[in-house]
Amino acid sequence: MGSNLSFPRVDLSGKVAVVTGANTGIGYETAKALSVMGAHTIIACRSSERAHAAVERMKEEIGREFPDKSVIIEYMLLDLSSFQSTKDFTVAFKEKNIPLHILINNAGVAWLPLTMTEDGYEAHFQINHLSHFLLTLELLPVMLDTAESCKDCRIVIVSSRLHTSAEFTPGNMNAEQEYSRTKFYSNSKLYNVMSAYALQRRLENVGVTVSVLHPGSVETELGRNTADSFWLNFFYKAYKVAMIPVIRDAQKGAATSLNAAVNPDLSSQRCLYFTDCSPTLSSSLSRDFKSQEQLWEISMSIIKEWLSWSIHQKYSPTMGLVEEEVGFSDKARPLSDDSTERKEQVKIEETGEGTPMITFRVSREVTDEGELEPNGTS
Ligand SMILES: NC(=O)c1ccc[n+]([C@@H]2O[C@H](COP(=O)([O-])OP(=O)(O)OC[C@H]3O[C@@H](n4cnc5c(N)ncnc54)[C@H](OP(=O)(O)O)[C@@H]3O)[C@@H](O)[C@H]2O)c1
């Protein structure tokens, strides 16, 4: 297949990892490998029965493969189709008073018939994006505390290559106008990529790296919701046959998540999109700054009532781009090397005085002013 699916086996003793949707598929293998590396691993799942069975199976498999290894794997309830359940998970996690080094937003649903959650949101939109967005922001203070000492915390978001065929249509994100099972899955995976970039922008120099990825075509239960539709089921099966040369098992499917979560070489990267453990370019729409910020604003307004005030205050402001043209007649004079500024040389004019005038377009990300506290203080 030619792809490099290796990741370094590092010592994660003393570290804590949360993996959503880890009772099966890619999440199961991701959680298992993290615990083999020594992490205290929490599998965040919606079904206590399936989660307990998964923990037992994981411990039994690890015991067989690594007889001397003692592992800490536990289950916590998280149903991403409910903001209440998501919030309850974050409260229960904080009550444990443990650090958080690795958060892997892995859980996902695909190709559902139109389904609205108890909160009134289209299921792909809420489960794959909105609730993970809430989960991440509410756990962020714990991770930022952890990062103060360890300097290397990771947020890993499992997206899909299908984000490249998605649309960003703010007027139809909740199926207000029309619904397509395939489109809404792809759209939710686009939101994963866009929100990863937007989140990283807000986490400059704090020791937290955000990564987003496509795990490859992986043999899992992801297609389970296609059975009720003859055509969808037919196309899904045909797709799987066509993908036989490249389809991988869940263990290999976990490699890109694991590499993003543990590879020491990635500790100080800005947000990257990975395929087969290597950085690749995500779609141009996913990289569009204005759309990312618009998605951030929409997502924030939806989850606002579930967010702690301090987190809302800190992270709700959107960011903008300020552009200005700056000319220098002295070639040697450097522009500021502020890494948050983008500089593009736009013209060079002869001045007749020996030194040409060089004009740069400088764009800088700026944050809106925060809102006032309810009591009126800022
Ligand atoms: N497989 C692929 O080829 C492929 C390709 C690209 C991207 N991906 C992405 O990879 C990720 C993992 O998918 P997978 O292929 O491993 O699929 P999977 O085998 O179906 O696993 C999905 C996991 O998500 C959990 N989940 C679903 N709804 C949930 C909810 N409301 N709350 C909490 N957990 C929920 C499932 O729990 P239950 O078992 O209880 O339902 C399961 O543990 C997904 O984000 C998917 O979009 C997969």
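## Exercises on a ligand shell and its helices

Helix H1 (residues 25-36) contributes the most to the shell around the ligand, namely 3 residues, where helices are DSSP runs of H or I with at least four residues, and strands are runs of E with at least two, numbered from the N terminus. The structure is a predicted model, in which local features need pLDDT of at least 70 and side-chain atom pairs count only at pLDDT 80 or more, while totals for chains, interfaces and linings use all residues. Residues are numbered from 1 along each chain as its sequence is written.

**Exercise 1.** Find how many residues surround the ligand.

*Solution.* Take a residue as near the ligand if its C-beta atom, placed from the backbone, lies within 6 Å of it. The ligand is then surrounded by 30 residues, and the closest are Gly21, Gly25, Ala107, Gly108 and Thr220.

**Exercise 2.** Determine how the axes of H1 and helix H2 (residues 48-65) cross.

*Solution.* First, fit lines to the C-alpha atoms over the stretch in contact, with angles running from 0 to 180 degrees between N-to-C directions. The two axes come within 11 Å and cross at roughly 50°. Next, classify the angle: H1 is therefore oblique to H2, since under 35 degrees counts as roughly parallel, over 145 as roughly antiparallel, 65 to 115 as roughly perpendicular and the rest as oblique.

**Exercise 3.** Decide how many residues of helix H8 (residues 255-262) are buried.

*Solution.* Call a residue buried if 20 or more other C-beta atoms, placed from the backbone, lie within 10 Å of its own. By this count 8 of the 8 residues in H8 are buried, including Leu258 and Val262.

Conventions: A residue is buried if 20 or more other C-beta atoms lie within 10 Å of its own, exposed if 12 or fewer, and partly exposed in between; C-beta atoms are placed from the backbone.
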